[in-house]
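Trainee: Could we go through this model together, one question at a time?
Mentor: Sure, let's have a look at it.
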Amino acid sequence: MEYLLEALHVTKVFGTLKANDDVTLKVKPGEIHAFLGENGAGKSTLVKMIYGALQPSSGEFRWMGNAVTIPSPAAARKLGIGMVFQHFSLFDALTVAENIALAMPGAFDMKKLSVRITRVSRDYGLPLEPTAVVADLSVGERQRIEIVRCLLQEPKLLIMDEPTAVLTPQEADQLFVTLARLAGEGCAVIYISHRLEEVKRLCHNVTILRHGKVVANVDPETETAASLAKLMVGGDIHVVRAASRDVQGITRLKLDHLRLPADGPFSVELRNVSLDVKAGEVVAIAGVAGNGQSELFDAVSGERSLASASMLVIDGRPMGHDGVNTRRNAGAAFVPEERLGHGAVPGFTLSQNVVLTRHSSDEALVKSGMVSSGGASGVSQRVIKDYDVRKGKPDPEARSLSGGNLQKFVVGRELDRRPGVLVVNQPTWGVDAGASATIRQAIVDLARQGSAVLVISQDLDEIFEIADRIAVISRGELSEAYPASELTSEKIGLLMAGAHELRGTEAKETAHAARA
Amino acid sequence: MRLVLEKRAEASGRMAILSPVIAIVLTLVTGGIIFALRGLNPFSALYVFFVEPLTTSWSIEQLIVKASPLAMIGAGLAVSYMANVWNIGAEGQLTAGAILGSAIPVFFPEFQSPLTLVLMLSLGVIGGMAWAAIPAFLKNRFGTNEILTSLMLVYVIQFVLDWLVRGPWRDPKGYNFPKTIAFSDWQVLPQFQIIPDSIGPVSINLGAIFAVIAVVALAFMMGRTLKGYELRVQGIAPRAGRFAGFSRERTVWFCFLLSGGLAGLAGICEVMSTVGQLQPGISPGYGFTAIIVAFLGRLNPIGALVAAFALAISYLGGESAQVALGISDKTARVFQGILLFYILACDSLILYRLKFLRATPKLAEAKA
Amino acid sequence: MNDQVLSVILTIITASTPLLLAAIGELVVERSGVLNLGVEGMMAVGAVSGFGAALMTGNPYVGVLAAIAAGAVLSLLFGFLTLTMVSNEVATGLALTLLGLGISGLMGESFVGQPGVHLERLHIPGLSDIPFLGPILFGQDLLVYLSLLIVAGVSYTLFRTKAGLIIRAVGDSHQSAHALGYSVVGVRYLCVMFGGACSGLAGGYLSLAYTPQWVENMTAGRGWIALALVVFSSWLPWRIVVGAYLFGTITVMGFSLQAYGIGIPSQLLSSLPYLVTILVLVVISGNRALMRANTPACLGQPFVPDR
């Protein structure tokens, strides 16, 4: 048996869309095999078929040389295929052991299982407490549960879907050690990613997908990050802007010792968050998901009110007590992380969604309590045109748009107001490369025209692309904001892990080193 | 074969209009089957039940009498449910309105002027609002489930009514019957003849006019104003509502006071017209039937008006079927329940497409 | 005096049992993430079916089985709408209540005024004759013991078996359960049917043991009180027993006080259970930490698997 898994001419069609088109590839035992590609290139669809969650429209899979159909994840697990999803399939209210028990076939014995969990998690450097409740765990720990869940079934093939997207660089390093060890024991790993450095460092073999097709199968040793990127995108990448600038404008957005108590058991408390954003600059807040980003967004947008007005100052006006509309009327604009259900009403048309955030700031939209559908549709048409929102009919429902197009609309709706202060949470999360470039360019352009822009993002590449200064949020605390040119991903990683003592010493040394 | 739903990319406008029609047709078919099983000719039975009430001017009058409170309450509930505020205690608010409004004739039986009428109607609205304010307050202050509290309050106010008409408010000359004194003159609603004798006299009372005004006003509010926009956003996407700066607390207050006030108005109108005095059993469950009206009208005030007539027919049909066919008038309530089930099932077809899958291994196991 | 106390205690047990049965069933339903507001309707149909079946056969246990079956069948209707057709759970639950009350009224028309078949209390010679404690511990009807057994069984199943773990998992995150290959809809169907069977049984208890006769609307809001009890229990089975007996006591106290002719209007005493329900809901809901701890995260949320 030379190959563990072979995919032969596999095609998957959804309606009119070919998510996978004649994909052929081979995975050897003990190999870490990367599937590299942009969002929407068909990586997820492909692994879901391998894991039995989807069925191919045509083509076949061979497992250890024999043709197989994999009708369900249970069947995949029986074959020896395990998968760690990007969106974890965990249960917040249950314990670690219970979460794992749910995926284990056979007798139900929590005591024995807990012993095994402790042993396996220690052996592979993935420490876990079986009785801990998932809701209390960090994202990194949650991922460990998923991995241990797979390992307990002694898989021959482990599929990892963008595992480092939610990890600090240090946690990612630890994961790489675990994966290398697994491979050393003969377990094959399919590693989905769009991070080139990672793939070069970890993987033995790279299959690159674009628009559902395999465009290359290469040895990462012999490629450069740039050549991989070119294969992945099919051309040169459009980089918005390379270097940051030192901006000397007036402060337009000021967070002053902002505090916000936790809103519930799964919410993070914000502690003493201070930050100035000046006219003309883009400040980014980096951090691993769940460290207080959404709480910070709610506090800045006014969806949750603050204890003291002076905690949030917009253009010199203390506005901590004011609601979201008063802040909008003062010239601020906000774009939340969730497009559907937060930034836009799914079942409303685009023009109806214009009213959502502009009903109090836009006099043409609401006249003496009545909504002007003409005014709304005018704004909507302008946004659609200016930000290249692609759609099927003149005024479609928000939910019928693709992620990228809806995001362009939601961002465009705010930019169209020429806000003096813009706050964006995860501007390009789950958005294709083309739309991402449009959105990032628009954000930078706004700042260059004199607005203050605050971007909250988990995507370090994005942050380095657009930010002038960078601060890091960790467990509800915000680091000092450093000029982007003085920071490396390693330093950001340390800050993400909560090493705030860095603030005084090491970071300054780094800064000196960078200047020297 | 397995029945599954497939999400539509967009809500189907055609199904939105068709769904109540399909539901009514399915209810008629089911009704026909039930009649047939009882050994009746299904067609003549359905005729007696659903068509005969429309054939005489007297029954048309009755239809309007029954449809008015249903439309009034149903439109208010439709707006509330649209905003995801679940007031299911309209029956209690109706009773509260009836009680408070009746205080005038009970305490000042001699007070007779146009002002009496206005005062009684206003107190009716206030009574309904006050009773509805309790679940609204508890919801906002403590996060208490409004479904349970508003419903519990129905039982409580019915005991209050019972106590009043058997105790302090009982008509001393009423031979110990649990009733207040009979209302007269300005204590009852004026009647208007809308169709002349030559065609067949049809009169309506002021309540019907209130119902039409309420429906039109609410339809306008929901369709054209920012308030209506706010309520709809709160109902479909509460998080987006917060992002738009709409206050959830204010919406809960608004919906309860609106729907409670309308229910109170319906209650006082009932005692000022059909019933003529305060007594137990002032409503044949209008407050609950109005829930069906709201859904059959697709949570749209105009729809509620149409639906109110459909439900009023079933009430009248129940009565005439009892006389003509000897079947229980309780059949009407079963029909109403079945109808609501069909509406809810058909409403799914607006957002989803029905698909029959042949029995194959389970294909979808993970989120796409 | 002892005799009076004893009879009050015995009445409290019979008044509490239907609440207990309905609430423990609904607890399982809600643990799986489904909110079925149709308890009142299922109880009503259970009550009339149980009464009718017992009347026709003369055997109260046939009545009990009929009540269980009626509740389960009605809950299937709810399951089909909310689980297969993904209709709104709140609205469908209300519909089930309205339909159930309607059906029970129609079915029960010929039963009005007829003497019912009484579910007898057990008599274990010797044990049941022990003064005071004997009738309380060994002289109840079978369903009283069954109701407590059900609570024990539910508690054991939920927290000690894989089946219970799966139910809790489905209620906590249907997406995750689906991703692991569990049939979310299947699990929920079973839970909804269990809840329906319990509600039907609770109704049957009313018309066979509590007041062995048929009166329209005899459930008198008990289904809704049972729903409140589930909130009161914060989804923990043994707390249902505490809540149900608390409410049973309040109801019986109301009647007893009326019997003594204290100068309080009888209507106020009759409305006590409803007022206390509101009070309890306020106290429990006001304590957000308690509410959040066990509330199934998917409660009332529709589930449509992606295809």
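Trainee: Is Asp22(A) buried, partly exposed or exposed?
Mentor: First, some ground rules: this is a predicted model, where local features need pLDDT of at least 70, side-chain atom pairs count only at pLDDT 80 or more, and totals for chains, interfaces and linings use all residues. Residues are numbered from 1 along each chain as its sequence is written, while chains are lettered from A and ligands numbered from 1 in the order in which they are written. Now count C-beta atoms, placed from the backbone, within 10 Å of the residue's own: 20 or more others make it buried, 12 or fewer exposed, and anything in between partly exposed. Asp22(A) has 14 such neighbours, so the label is partly exposed.

Trainee: What is the phi of Asp22(A), and why would anyone look twice at it?
Mentor: Most residues other than glycine have a negative phi, so a positive one catches the eye. Asp22(A) sits in strand β2 (residues 17-27) of chain A; strands (E, at least two residues) and helices (H or I, at least four) are DSSP runs, numbered from the N terminus. Asp22(A) is not a glycine, yet its phi is positive, at about 55 degrees.

Trainee: Gln426(A) has a positive phi too, so is Gln426(A) buried or exposed?
Mentor: Its phi is near 50 degrees, and its place is the loop between β19 (421-425) and α14 (433-448) of chain A. Inside 10 Å, Gln426(A) has 23 C-beta neighbours, so it counts as buried.

Trainee: Which helix gives the most residues to the largest nonpolar core?
Mentor: A nonpolar core is a set of buried Ala, Val, Leu, Ile, Met, Phe, Trp, Tyr and Cys residues joined through C-beta atoms within 7 Å. The largest one here has 375 residues, and Val189(A) and Leu229(C) are among those that touch the most other members. With 15 residues, the top contributor is helix α9 (residues 184-210) of chain C.

Trainee: How far apart are the C-alpha centres of the two domains of chain A?
Mentor: Chain A is divided into domain 1 (5-233) and domain 2 (251-340 + 414-515), with bounds from an automatic or database domain assignment. Of domain 1, 11 residues are in contact with 14 residues of domain 2, where contact means that the C-beta atoms, placed from the backbone, lie within 7 Å. The centres of these two domains of chain A are apart by 32 Å.

Trainee: Which element gives the most to the side of chain C that touches chain B?
Mentor: That contact takes 45 residues from chain C and 48 residues from chain B. Elements giving two or more residues to the chain C side include α3 (60-84), α4 (89-107) and α13 (272-286) of chain C. With 11 residues, the answer is α4(C).

Trainee: How many residues does chain A give to its contact with chain C?
Mentor: Chain C puts in 14 residues. On the side of chain A, α2 (73-79) and α3 (96-101) are the elements that give two or more. The number from chain A is 17.

Trainee: What is the average pLDDT of chain B?
Mentor: pLDDT is the predictor's confidence in each residue, from 0 to 100. In chain B, 96% of the residues score at least 70, though over residues 359-368 the pLDDT is below 50. The average for chain B is 89.

How values were computed
Contact = placed C-beta atoms within 7 Å.
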